[in-house]
Amino acid sequence: MDTSDKKKLSERDICTKYITPALTLSGWDHHHQIREEVNVTNGRVLVKGNAVSRAKPRRADYILYYKPNLPIAVIEAKDNNHIVGAGMQQALAYAEMMDIPFVFSSNGDGFLLHDRSGNYEPMERELSLTEFPRPVDLWTRYRKWKGLDDTKERIVTQSYYIDDVRKMPRYYQLNAINRTVEAIANGKDRILLVMATGTGKTYTAFQIIWRLWKSGTKKRILFLADRNILVDQTLTNDFKPFGSAMTKIKNRQVDKSYEIYLSLYQAVSGNEEDKNIYRQFSPDFFDLIIVDECHRGSAADDALWREILDYFRTATHIGLTATPKETKYVSNVHYFGEPVYVYSLKQGIEDGFLAPYRVYRIDLDKDLQGWRPTRGQTDKYGEVIEDRIYNQKDFDRSLVIEQRTQLVARKISDFLKNTGRYDKTIVFCENIDHAERMRQYLVNENADLVKESNRYIVRITGDSPEGKAELDNFIIPDSKYPVIATTSKMMGTGVDAQTCKLIVIDKRIESMSEFKQIIGRGTRINEDYNKFFFTIMDFRKVSELFADPDFDGEPLDGSLYDPTDPIAPPEAKPVEPSGRRRYVVNDVPVSVVAERVQYIAADGKLITESLEDYTKKNVIRQYATLDAFLNSWSKADQKTAILEELEEQGVLFEALQEQVGKDYDPFDLICHVVFGQPPMSRKERAAKVRKANYFTKYGEQAKKVLDALLSKYSDGGITDIESMEVLRVDPFTTFGTPLEIVNTIFGGSANYMTAIRRLEQCLYTAEC
């Protein structure tokens, strides 16, 4: 092909005509080893008021696999107007995400190879189209990089389980699976995996077990959890392919004929020696033990889980957690070692696999100012209240202010009435008593829906068999009831509430692990049920923990753990007044002092500065001056493309409109908030166009179409003008179909688009 002709080819044409043939020539199997246009991420969820969209997913042009579970190379393609290495930076980013050692860029003339394994010199070199390495060549390099002998290779090359719908692990799940299997192949017997809630820890554990089991590396496996619902979910969902080789230990009975065992840890242990039924197994019975939610105590020296782990000390132990616990007394890292892989909440949101959130913080006067009884004041039951200042740490523990609970219930109910009264909601309370009182006040605030079903609001706590029985119904996406669940601790971890859209925090939280776990109840995305984001309603200033550097950082090192320290004492119970469990007052008024909505930023952190300052910082990163912004805006064929790019970088136009003015176009919001220019409303801009001589260039029908477009702009903004879909709704349907409007009234798409560009020019400049 002539060089000039080659430069006319698209990027896809370059792939089809040059790159793919070069791969097949080198022996790569197109059906099993080559995947093209692979979506590595889903694209971050962008929240616009109550509407959502997605940013573009990160997509690799090629990923090459030695086997389906072993990605070994990534290729980024560019058209022939670029140099051969133009895609290298992009390819390196994918390679780092996916633990891929061999990185290629190509423009169809050849390849640039970057070897991340560090075993070959030079690190980067150019190859001709006929010199692309064969699979065995890259695998030989991979083996050297990983230090794999024949025995280790047999373990790490064992395929994962593929179901009938050919569900494949996401990139981070594959990283976690491969790193764990490689660690075990290399003799490591204590392993920690840290993966944010909602990212598929149990599915990841299943694939790890499957590969180790199928390869014969681990023959008998025990999966431990601390909630019965977690064991049952695992048994019937992710672990189902194990079939008859699997059993659940229950009724304190042991059958040693199985290979895969699932158990509630309380089912195999107890305080009395005869209750420790795990001792019916020999200490070397299990080869592998998986500890789910290992932050909940397995790393504490006095935990019952540790008794089990110590008994089966010869087995490999893997800890799974979203929130590694590092305190003076408890250390996951001390027991399991540094995590072999970490996938954080921040990264999950950025990749579009987890739901972003906004925080609705409500400050109450008594919480901020405290409350002190008058001399000799008695409570609701005639008990003299101890004379001291009561503050937030006392409320719903040693002091109950009933009007405070009532106000919280009203604010929750008002919020749901504005967003959706059937949005699944979890209300976290101080204790069981508080959860029951909250249920009562919520019932009174929502009597109309409770009349339809008394299961609209339920209390789900450990002491309530009726409430616990509703937990499955709350979790099941297509179960209408219950809608609102009040709880204290029971739903704080391990509950797979895929459709939970509102999390209310009305309890003090001083543990980062507990905070992360509670937030994790809302992070799952379920597109089938329109669950893309969630709201956190905070009544206790808990959202201040978002500013803590530990909130979404990697686990701390083991420096806080001192094995010579005494075992941590149990959590101290709140001091209660003598003779009564707590004081209850029903005549103390409570009011809201401040309310504000906070949003999550592009970096995964909560925006704590003003929205105006945050917007200014993000826009100036892209456009340093007003002239730079105006120049880019005027030259853009699609203004919405600029807005979408700014939204991907974290600019929240919908939120900004709420604060600055709903009548302002994003263009004016930027000019005003970022560059200090006086704004014009959309109606003012539309009126300016109508007063100009713009319409005189067009025929009567075209004038009517353009005038209707101006009305759409005045109501909804620039997006409505640039979208051809607007021509499918009234009043445009009176002019004909979109095709008839474009061809008959404007004389073709080129003329129609020219009219739109002139209209935009008249809207945003002085030229009409």
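# A guided tour of the predicted model

Begin by selecting Lys-6 and Tyr-18: the charged end of Lys-6 is placed over the ring of Tyr-18, 4.1 Å from the ring centre. The structure on display is a predicted model, and every stop below refers to that model.

**A second charge over a ring**

Select Trp-145 and Lys-146 next. Here Lys-146 lies over the face of Trp-145, and the distance to the ring centre is 4.4 Å.

**Thr-24 and Arg-134**

Move to helix H2, which covers residues 11-25 and contains Thr-24. Is Thr-24 buried, exposed or partly exposed? Thr-24 has a relative accessible area of 37%, so this residue counts as partly exposed. Add Arg-134 to the selection: Thr-24 and Arg-134 are 110 residues apart along the chain, and their C-alpha atoms are separated by 9.3 Å.

**Aromatic pairs**

A pair of aromatic rings is described by how far apart the centres are and by the angle between the planes. The model has 49 aromatic pairs. For one of them, select Tyr-357 and Phe-534, whose ring centres are 5.6 Å apart; the planes stand at 50°, so the pair is classed as tilted. This pair links distant parts of the chain, since Tyr-357 belongs to strand S16 (residues 357-364) and Phe-534 to strand S22 (residues 534-538), 177 residues apart. Tyr-357 is buried, at 3% relative accessibility. Phe-534 is also buried, with a value of 0%.

Now select Tyr-258, Tyr-261, Tyr-278, Phe-281, Phe-285, Phe-286, Tyr-311 and Phe-312. Ring pairs link these residues into a cluster.

**The second largest cavity**

Keep part of that cluster in view. Which residues line the second largest cavity? The lining consists of Leu-222, Ile-249, Val-268, Tyr-278, Phe-281, Phe-286, Ile-308 and Phe-312. Tyr-278, Phe-281, Phe-286 and Phe-312 thus appear both in the aromatic cluster and in this lining. The space inside amounts to about 30 Å³. By class, the lining has 8 nonpolar residues, with no polar and no charged ones.

**The largest cavity**

How many cavities of 30 Å³ or more does the structure hold? There are 2, and the largest has a volume of about 240 Å³. To find the largest cavity, select Val-45, Leu-46, Val-47, Ile-600 and Leu-652, which lie nearest its centre among the 21 lining residues. Two or more lining residues come from each of strand S2 (45-48), strand S16, helix H22 (639-648) and helix H23 (653-660). Strand S2 gives the largest share, 4 residues. In contrast to the fully nonpolar lining of the second largest cavity, the lining here divides into 14 nonpolar, 1 polar and 6 charged residues.

**Salt bridges**

Side chains of opposite charge can pair when their charged atoms come close. The model contains 47 salt bridges, and three of them are visited here.

- Select Arg-44 and Glu-350. Their closest N and O atoms are 3.3 Å apart. Glu-350 is in helix H12 (residues 345-351) and Arg-44 is in the loop between strand S1 (34-39) and S2, so the salt bridge ties together parts that are 306 residues apart in sequence. Arg-44 is buried at 8% relative accessible area, whereas Glu-350 is partly exposed at 36%.
- Select Asp-433 and Arg-582. The closest N and O atoms of this salt bridge lie 3.5 Å apart. The pair links distant parts of the chain: Arg-582 is in the loop between S22 and strand S23 (583-585), and Asp-433 is in helix H15 (residues 432-445), 149 residues apart. Arg-582 is buried at 7%, while Asp-433 is partly exposed at 26%.
- Select Arg-757 and Glu-760. In this salt bridge the closest N and O atoms are 3.8 Å apart. Both residues belong to helix H29 (residues 749-764); they are 3 residues apart, which means a separation of about one helical turn. Arg-757 is partly exposed at 23%, whereas Glu-760 is buried at 1%.

For the final stop, select Asp-367, Asp-396, Arg-397, Arg-404, Glu-430, Asp-433, Arg-437, Asp-506, Arg-540 and Arg-582. Salt bridges with shared partners join these residues into one network. Asp-433 and Arg-582, the pair visited above, are among the members of the network.

Conventions: Residues are numbered from 1 along each chain as its sequence is written. This is a predicted model: local features need pLDDT of at least 70, side-chain atom pairs count only at pLDDT 80 or more; totals for chains, interfaces and linings use all residues. Side-chain values use heavy atoms; hydrogens and water are left out. Rings of Phe, Tyr and Trp (its six-membered ring) pair if their centres lie within 6.5 Å; planes under 30 degrees apart count as stacked, over 60 as edge-to-face and the rest as tilted. Buried means under 20% relative accessible area, exposed over 50%, partly exposed in between (1.4 Å probe, protein chains only). A charge sits over a ring if NZ of Lys or CZ of Arg is within 6 Å of the ring centre and within 35 degrees of the ring normal. On a 1 Å grid over the protein atoms alone, a cavity is a set of points where a 1.4 Å probe fits but cannot get out, and a pocket is an open set with protein on both sides within 12 Å along at least five of seven lines; lining residues have an atom within 4 Å of a point. Grid points are joined across faces, edges and corners, and a volume is the space filled by probe spheres set on the points. Ala, Val, Leu, Ile, Met, Phe, Trp, Tyr, Cys and Pro count as nonpolar, Asp, Glu, Lys and Arg as charged, and the others, Gly among them, as polar. A salt bridge is a side-chain nitrogen of Lys or Arg within 4 Å of a carboxyl oxygen of Asp or Glu.
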